[in-house]
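Open the model in your viewer and keep the selection panel at hand. The stops below go from the ligand to the aromatic side chains.

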Amino acid sequence: MRILSRKETKDAGSQTMLTHYGDESFHGAVVPPVFINTLFSFESYEAFQRSQFQDETYYYSRVSNPTQQIAEKKLAALEKGEAAKLFASGMAAISSTLLHCLRQGDHVVCGYPIYNGTYQLFQTFLIKFGITADFVDFRQLDQVRAAIKPNTKLLYCEGYSTFFMDVFDIPAVVEIAKEHGLLTIMDNTCATPATLRPIEWGIDIVIHSASKYLSGHSDVTAGVVISTQAWIDELSKNDAVLLGASLAPLESWLLTRGLKTFGVRMKQHAESAGRIALMLNQHPQVARVNLPLLEQHEQHELAVRQFSDMTGLFSFEMHGGAAAVKRLMNSLRLFQIGVSWGGFESLIYSPGLSIHPEQTTRTEWETRLERTIRISVGLEDIDDLMEDLQRALNEL
Ligand SMILES: *Cc1c(COP(=O)(O)O)cnc(C)c1O
């Protein structure tokens, strides 16, 4: 029985929506075409003139393109926002959004630890334009309040803190932002809309690196910003066009293809990662598993309130410190060593790798980074992944 037309799937279950919504108007093609063209031509002077002042008309692909818009519609619906804008990378989405929102003299209160690219953007780039940021642990609400200054414009945060996966009380932070009239931006790359929908918690603007779980196949670099229609229109029609980091049509199409399996991929990532986390949590060589959804974690109660499930990403800390991390990483066969995460392949990475090998002293923070392994559990058979990890741990 056909209960919905493809167009009507916007508010259906998220996997039904991702399968059908947004790509229904191309001669019934079940796979939408790639509009690889850079420009669109017009039959008359008047037709071109109209295109400049009407929404939904295309004239140049840096500005907008039908293949981009298919992915944008799906992503906006997935995050329960009104509209989305795609960018050439997660960093392009973050930098374009911040350059759009901020001007000289503005101040940002930013969560910490945060994705290193974002941290560097504040510390080395935005500072050149007189935009400053203070970094605080969002678990400490008093510190968030104390960091707000008269020139603070926005609060910037991530659903899970980078590497250690700490979480914070989202509605409490939204409340602080409201009290001070501040905009809230959340990078939701780690949690994904499969487990957290920040807009439903009152966050104004959601950003993703779509290079991770959203595309899921480690073959697309992309970013997206999701918010209200009015805000996305402002961003898209002005600054985003000028900054020029729009996503290419082929990448947009690959992202749309990846989204069609988003729901099943995330379920499998979560199931496998859950089993691996429980095993690691009991292993004598493992000092701590950084995954707030685990019952033993001190933030368990807050985490289950806010996150509907886990993803395939978490980290763990080794009793044997940097030496044990090195031995384990070299001994694993199925888990490949690499940055990034969220694809079909299992990956491991240690944040200690960013400390220069010739640096001889360590702060407490650096020691923690060094004994930590981040794991992105892929879609391989769980028995094979468990066997690889257990063997490598037992050989230590
Ligand atoms: C990867 C990542 C980014 C940057 O995205 P790119 O697509 O690599 O530019 C930003 N934030 C988080 C949390 C990320 O993991």
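For the first stop, Ala, Val, Leu, Ile, Met, Phe, Trp, Tyr, Cys and Pro count as nonpolar, Asp, Glu, Lys and Arg as charged, and the others, Gly among them, as polar. On that basis, the shell around the ligand holds five nonpolar, five polar and three charged residues. The model is predicted.

Select the ligand and its 13 surrounding residues; G90, M91, D187, S211 and K212 come nearest. Then show helix α4 (residues 90-101), which supplies the largest share of the shell, three residues.

Next, check three distances. A backbone N or O atom of M91 is 2.8 Å from an oxygen atom of the ligand. A polar side-chain atom of D187 is 2.6 Å from a nitrogen atom of the ligand, and one of K212 is 2.6 Å from an oxygen atom of the ligand. Of the 380 Å² of accessible area that the ligand has on its own, the protein covers 90%.

Now turn to the aromatic rings: the whole structure has 16 aromatic pairs. Select F48 and Y59, whose ring centres are 6.2 Å apart with planes at 70 degrees, so the pair is edge-to-face. F48 lies in helix α2 (residues 45-53) and Y59 in the loop between α2 and α3 (66-78). F48 is partly exposed at 37% relative accessibility, and Y59 is partly exposed at 27%.

Move to F138 and F168, with ring centres 5.3 Å apart and planes at 75 degrees, so this pair is edge-to-face. These residues are 30 apart in the chain. F138 is buried at 4% relative accessible area, and F168 is buried at 6%.

Last, select Y112, Y119, F122, F135, Y156, F164 and W365, which form one aromatic cluster. Add R368: its charged end sits over the ring of F164, 3.7 Å from the ring centre.

Notes:
Residues are numbered from 1 along each chain as its sequence is written. This is a predicted model: local features need pLDDT of at least 70, side-chain atom pairs count only at pLDDT 80 or more; totals for chains, interfaces and linings use all residues. Side-chain values use heavy atoms; hydrogens and water are left out. A residue is near a molecule or strand if one of its heavy atoms lies within 4 Å of it. A polar contact is a pair of N or O atoms within 3.5 Å; within protein, one must be able to donate a hydrogen and the other to accept it, and residues adjacent in sequence count only if both atoms are side-chain atoms. Accessible areas come from the Shrake-Rupley method with a 1.4 Å probe; for residues, only the protein chains shown count as cover. Helices (H or I, at least four residues) and strands (E, at least two) are DSSP runs, numbered from the N terminus. Rings of Phe, Tyr and Trp (its six-membered ring) pair if their centres lie within 6.5 Å; planes under 30 degrees apart count as stacked, over 60 as edge-to-face and the rest as tilted. Buried means under 20% relative accessible area, exposed over 50%, partly exposed in between (1.4 Å probe, protein chains only). A charge sits over a ring if NZ of Lys or CZ of Arg is within 6 Å of the ring centre and within 35 degrees of the ring normal.
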